[in-house]
Structure formats: structure tokens, C-alpha cells
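Biologist: Before we turn to particular residues, could you take me through this model with some care, one feature at a time?

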Amino acid sequence: MHASLTPGSVQPGLAPDVNDDLVFLGEAALQARASRSGWPILIVDDDADVHSTTTFALAGLEVQDRPLEFLHAHSAHAARALLAREPGIAVILLDVVMEQPDAGLHLVRYIRETLGMLDVRIILRTGQPGYTPEMEAIRDLDINDYRTKSELTRTKLYTTVAAAVRAYQQLHALGIGRAGLERIVHAGTELMRLHGARDVARSVLRQACALLGQHAGGVLCARDPLGLRVLGAAGGALHLEGQLLEPQHDAQLAGAAGDALADRRAAFGPTCLALYFPGKSGRDFAAAIPLAQPVGEGNQRLLHVFASVVGVSLDNVELLGRLNRAAFFDQLTGLPNRTQLVEDLDSLVQVTADVTLALVDLDHFAETNDALGHQFGDQLLVTVAQRLQRQLDPRLTVARIGGDIFAVLGMSQLNTPAAIQALFAPAFSIDGQDVQVSATLGLVRLSEHDGSGTDALKDADIALKRAKTQQRGGHFYFSRSMGVEIRERVRLMHALRGGFQRGELFLAYQPQVDLATHRPFGAEALLRWRLEDGTMTPPDRFIPIAEYSGLIVEIGAWVLREACAELVRLRGAGHGDFTMSVNVSQAQLRHPQFIDVLRRALLDTGAPPEYIELEITESMAMEEPQQLVEMLASIKRTGVSIAIDDFGTGFSSLSHLQRLQVDRLKIDRAFVTEITGSARGSSIAEMVIQLGRNLGLSVIAEGVEDECQAQILHALGCPLAQGYLFSRPLTPEGLLEWLGARRRDQAA
């Protein structure tokens, strides 16, 4: 058993069958085409006569203007060895029965699955008409045809082989085209990752030459006012990069590129290729590439597709340049913007250098902008930017991160509050008008900072806000304790929002009693927060967060409705002469819908307004007095009464207190605590009680914890009280039980 190669031949005197549609060549024609590569046909059969008759029948024939060339293997084992070193077989004429009855089928499986030869066409032949391969095998193994050797006449054999060759040619061409298209897709992806014109140009040349199967070379050019400018080059033309392409440099490349730009189309010469890339941004491009061999028709089509893809990419390079500036630089001042600053910070927070970030906020810029106009404001911003950039140390980076806030980034010994604020001492000249501007600074040292560039910017902003609350025109450095405090506040705010939605908030009720009779007459609704794990969050932690975040408006509306509903339940249980006291925050009172919320709560629950009391703090009562007077008057018109909580801690004006038309004063617990051990505490409590009596207001003391305090308050003339002496805050069920027990005690 052996394998051999036998080129197609014709014996003199062999005449074609007039019924066979075959094309024979004379010896001269065969010799003329001897150098042309033919279609490799592999004959695999253990019968030597089959090899000779097949070669004889097909000798001298052509398919698609190419001759047939025969390779021979006399066993499946020999065929495996031959296929391993001859991958370009077009057609295999394969005997089914050789060493084993199904040796041919096993060989097909090896060809398809092991060698991965999917393009080669396989024609099964058998000399045993009784043996038929299974239909599943023919289907699953991609067998092109199945014939008995006796039915393959010369015409049928040629027809079968020619059809198989054409099928192979089409599949092979598709494979080459698919590989080319994959290269083009890869090229487009590669080009989109590049940013510089030179890098893109070099990549275009590399990708084009890869499609042609040759080493990179040539130039990519664009026209500028002086001529053809080489944007990128490769291979032997690399020295031309960045230069004007003149004929004396390389006449062939210059001529091809110039013609492509002039004619606005590609040109495929025998020794040089010119590709044309139209650009939508106003510039066209051309590539000139020296060729190792002429470009075939298939590759020409691929290169046209490639040129379309590259044209978009080159256009994007022009666009990316403009987008890059828009994305990373402020359009008004030309300074780096927030995005660029964050990138710079990200690179600096990784090193241990002593670097400081300073945020510079122009004081009262909004007022200047409103008074003098936006155009004047823009000119002021540009002038400030120029002074910062020109007069600060050049090693510092100046950016504008938005509005009237600039940033200065650099070494701490150079980036100091004194150096920055000194620049604001001289006035700024805008259209011949001198404008005095001051700035407030928030700073953070990156060496003391943990986190990303965005985190550093947030921390500097926290320091800036702290500086603005302390003193305009001053500065403040961020500290770790500030960061922990702010982040804990944010964490608690998110947890509170989620807890409210999950129903973790609830109301507890602290009874209020008449000091003379110890008879309960009302209760104060107190907001509480129990987490999912059962732990309680103190009100002095979460209520300020709710007020700061604005969530108190939504929570407060819920509290008001729940308290009203509880009052209705208490009245239904027989406690008709009972008052419900509800705390109201400043944010709630300022909300334009508060009166509607109050009316809706009363209407929906059926709570009698004369038994509802709203508590506001004394500090709230002193702010925006006229607005508060109007708001409280609207509340009073609903029938609800008003108390001032924590009275004595502020500086109330008596005349203002009279204008507010409040109904009750609450003595702050701090004065109640001091009432037994401090003459000052006793005198303040007595003063509040006397004030209430003089103004015709009810007075209640909160935080009463022992009998001695209760007796002193009663002696001073305070009629009402609440505190641990009487009861801690109770659940709704606990309050009902407590009231029932008190009623039974009093009845006894």
C-alpha cells in the first residue's frame, strides 16, 4: 500500500466519446499549462485498477480552466498520512470497503472531525452493490455523493467530480472571504481603540497588508494646504511619516495616493495599490501600498469593504479629537473639567506624594451674575481662570469643575490657602469695571485620603461646605473624622428611607397627667425606629437625618395620620376627654401642602380637631415670624391647638409670642431636671409658669422623673406634667392598659 501523485495526462489516439461532454487538451496545450496549479483529486482505494482507470478516464480534463491532479492512497491508513501533509485537497474519491468493511466511513469521520477539513468534497464509491452505508452516516459526515463503481461511466464520473470541484471552490472562496471579513471586523474594532492619527494610520496599513497576506508597508496621506501629508507609514516608507509626500521621495506611492484623492476611488495596479477613504469631517484620506503580487478579484472586493470601514474610523479620529476636548475640557475657560480632574486624582491617589486638592468657590457669584448679567458673569469666570492659571505655580493644575467652583491640584507646599487667596486681593477688571471677588476654599490632602479620585473630590466638597458655613472668604481642611461623620449620615439616611418603607417606624405614646389629681388627660406621640434585628435607633440620631434629607415631610404626614387614628381608637375605648399631642418639624410647616395634609388626616380618620395638639419648638417660633404667624393662624382655623416645645431654651419675644396665638407652653426637661438642685432651674421654671398664667396659656412640664420634682412644680403653679414618674412611652396596647389601670385606681 502506498500513496503517489500522478498529474492528469492523455494517451495519443484516445478519442472522446461523442456522447461525453468532455474537454480534452492536446499535448502542446498541456505543456503550456503544465506550470499552472491544478485541482488536487485524491483517490483512495485498495484496488490498483481503480486508480488507473479513474486517472485514465479523467486525464486531460479541466474544471474552471484548471487541470485535475491526482494523488493516490491504497488504504485508509495511507490516506491519513497523505492528508496530514497535503491539506489543500479539493475532492476525495473514496472506497467504502478497504481494510475493514467500514474503513472508508471511519476515514471520513477522521477527515471531518479530527483534521477539520470541512471544504473538501468526498465522493464514496463501492464495488459491492450489496453494501450501503447507513443514511445517518451519509448525513452526519457531510458526504458529497455515493456511487457504485459500476455506474460511474466516464461522463458521470467527470460530471460528479466537476460538481464536487465547483462546490469545493465555492466553499473555499467563502472561507477566504469569511476570514477576510473577520479581519475587517477586527480592524474596525482595533481602529476604534486608537486615538492618535498616526497610530490609526499605521494600523490601517498593517490591517490592509494583512488582508493581502504581505508585510506591512506604504503610506496613509491626507491633503493639507501644503500638499500630501503622510499621517502614518510602515515598512520601507516609515521615514516619510509626518512629511509632505513628494515624487522625489517615492514617485510610485506619491502618484498612487495623489490619483486616488483626485479620482476619489481606489486603484489596483500590478505593483502598487491605492485605497481611497472618504471623510465626512471635511478631509479625505488615501493609502498607497506597494504590492508583492497583483490583487485578485476577491481581495479587491474585500479591500473595498475595508476602505468603507476605515473611512468611518478615520472620520471618527477627527471627531474624537473634538469630542475629547469637549469631554475633558471646559468650553468657557479652556481649563480641564471635572472628568479630567477625576482622572488626574485617580492617578495621584495611588502614590504617597504630598499632594493637596483645593476647591475654590467664588463668594456671592450668583448675586453678581443676577445683577450684572450672565455675559458679565462668564467674563468674570474667564478672568479668574486666567489669573489662577498664570499666577499660580506652573506645576499646579487648575480646573473648572462646574459653576463658579475651580480646583487647584498639586504639591502641598505650593497649593496653600494663602497662595490661592492672595490672588483674589487685587480687583478683577471686566469691561473696564473693577470687581472685587473673594473665594472660600475646601481642601483635602491626598496623603491622608483613602479612596478613589471621586471620593477625594467629594471630601474636598465636604470641607468647602464646612468652610462656607463657618466663614466666607476662609478655608477648611477635610479630616478623617469629618468623612466618617458624613458617610455615617448618608448610610443612616438610606437605612431610614428603607426602614420607613419596610414599616420599621412606629409610634409610642407618653401619657400626660394633671399634677393635682394625677388624672391622665392626654399623650404625646413619639416616633421610634426598631431595626429588623430588633435594635432601637435613638430619635436624636435619626430625626435630624430625616429633617436634613427632607424625608421628615413624608414621615411627618404618616405620624400625623397614625396619631389621629390612635386618638379615634382611644375615644372608642371610652377615653373621650383625651388629647393627642404631635410634634411638627420646621420642614413640615414650610411645606406648601401641610395644611392640606392636616385637613386630610383629620377628615380620613374622623379625629376631632379640638383634641389634637401640634407641638413646635421655640427656635422654630422665632424664625420667619410673619410667615409662621400666618401658618399657625391657618392651623388654628382647622380647630387644632398649638404648643411651644422646649420653652425657655430660646430667646422669645413676648410680643411675638402673643402674635403666634399658641395655646400651651412646655417647660424644657433641662429646667425640670435642675429644679431640685439649682436655684436657676427653679427660677426659670417659675418664670415660664408665671408667663403662661399672665398670657392665659396652659403650661406643662416634661421630663418629670421623681415625686420631688412633681411637688415643686405643683407648688410653683404648674398644672400639667409628663415623664417617667408617671409612665414611659407606651405601645398603643400598653397605653390602653395603662389608662384602664389608672381609671380603676381612681375609681377605688
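Modeller: Let me begin with a definition: Ala, Val, Leu, Ile, Met, Phe, Trp, Tyr, Cys and Pro count as nonpolar, Asp, Glu, Lys and Arg as charged, and the others, Gly among them, as polar. Please keep in mind throughout that this is a predicted model.

Biologist: By class, which residues does the lining of the second largest cavity have?

Modeller: The structure holds two cavities of 30 Å³ or more, and the second largest has a volume of about 30 Å³. Its lining is formed by V444, R445, E448, F478, S479 and R480. Sorted with the classes just given, that lining comes to two nonpolar, one polar and three charged residues.

Biologist: Which helix gives the largest share of the largest nonpolar core?

Modeller: That core has 75 residues, of which I555, M580, L589, L614, I635 and I667 touch the most other members. The largest share of this core, nine residues, is supplied by a helix spanning residues 551–572, namely α17.

Biologist: With which residues is L589 in contact, leaving aside its neighbours within four places in sequence?

Modeller: L589 belongs to the group in the largest nonpolar core that touches the most other members. Once the neighbours within four places in sequence are set aside, the contacts of L589 are V584, F594, I616, M620, L628, M631 and I635.

Biologist: How many residues does the other core have, the one lying apart?

Modeller: Among the members of this other core are V360, V384, A385 and I430. Lying apart from the largest core, it has 27 residues.

Biologist: In the open sheet of five strands, what is the bridge partner of A267 in β11?

Modeller: The strand order is β9-β8-β12-β11-β10, with antiparallel pairing, and β9 (227–234) and β10 are the edge strands, each pairing on one side only. Between β10 and β11 (residues 272–277) the antiparallel pairing runs over two bridges. In β11, A267 has as its bridge partner A274.

Biologist: Where is R264, which has a positive phi although it is not a glycine?

Modeller: Most residues other than glycine have a negative phi. R264, by contrast, has a phi of about 55 degrees. Its place is the loop between α8 (251–263) and β10 (267–268).

Biologist: What is the relative accessible area of H364?

Modeller: H364, also a residue other than glycine, has a positive phi near 60 degrees, and it is found in the loop between β13 (355–362) and α11 (365–372). Partly exposed is the range between 20% and 50%. H364 is therefore partly exposed, with a relative accessible area of 47%.

Note on methods. Residues are numbered from 1 along each chain as its sequence is written. This is a predicted model: local features need pLDDT of at least 70, side-chain atom pairs count only at pLDDT 80 or more; totals for chains, interfaces and linings use all residues. Side-chain values use heavy atoms; hydrogens and water are left out. Helices (H or I, at least four residues) and strands (E, at least two) are DSSP runs, numbered from the N terminus. Buried means under 20% relative accessible area, exposed over 50%, partly exposed in between (1.4 Å probe, protein chains only). On a 1 Å grid over the protein atoms alone, a cavity is a set of points where a 1.4 Å probe fits but cannot get out, and a pocket is an open set with protein on both sides within 12 Å along at least five of seven lines; lining residues have an atom within 4 Å of a point. Grid points are joined across faces, edges and corners, and a volume is the space filled by probe spheres set on the points. A nonpolar core is a set of buried Ala, Val, Leu, Ile, Met, Phe, Trp, Tyr and Cys residues joined through side-chain atoms within 4.5 Å. Contact means heavy atoms within 4.5 Å. Two strands pair if DSSP finds at least two bridges between them.
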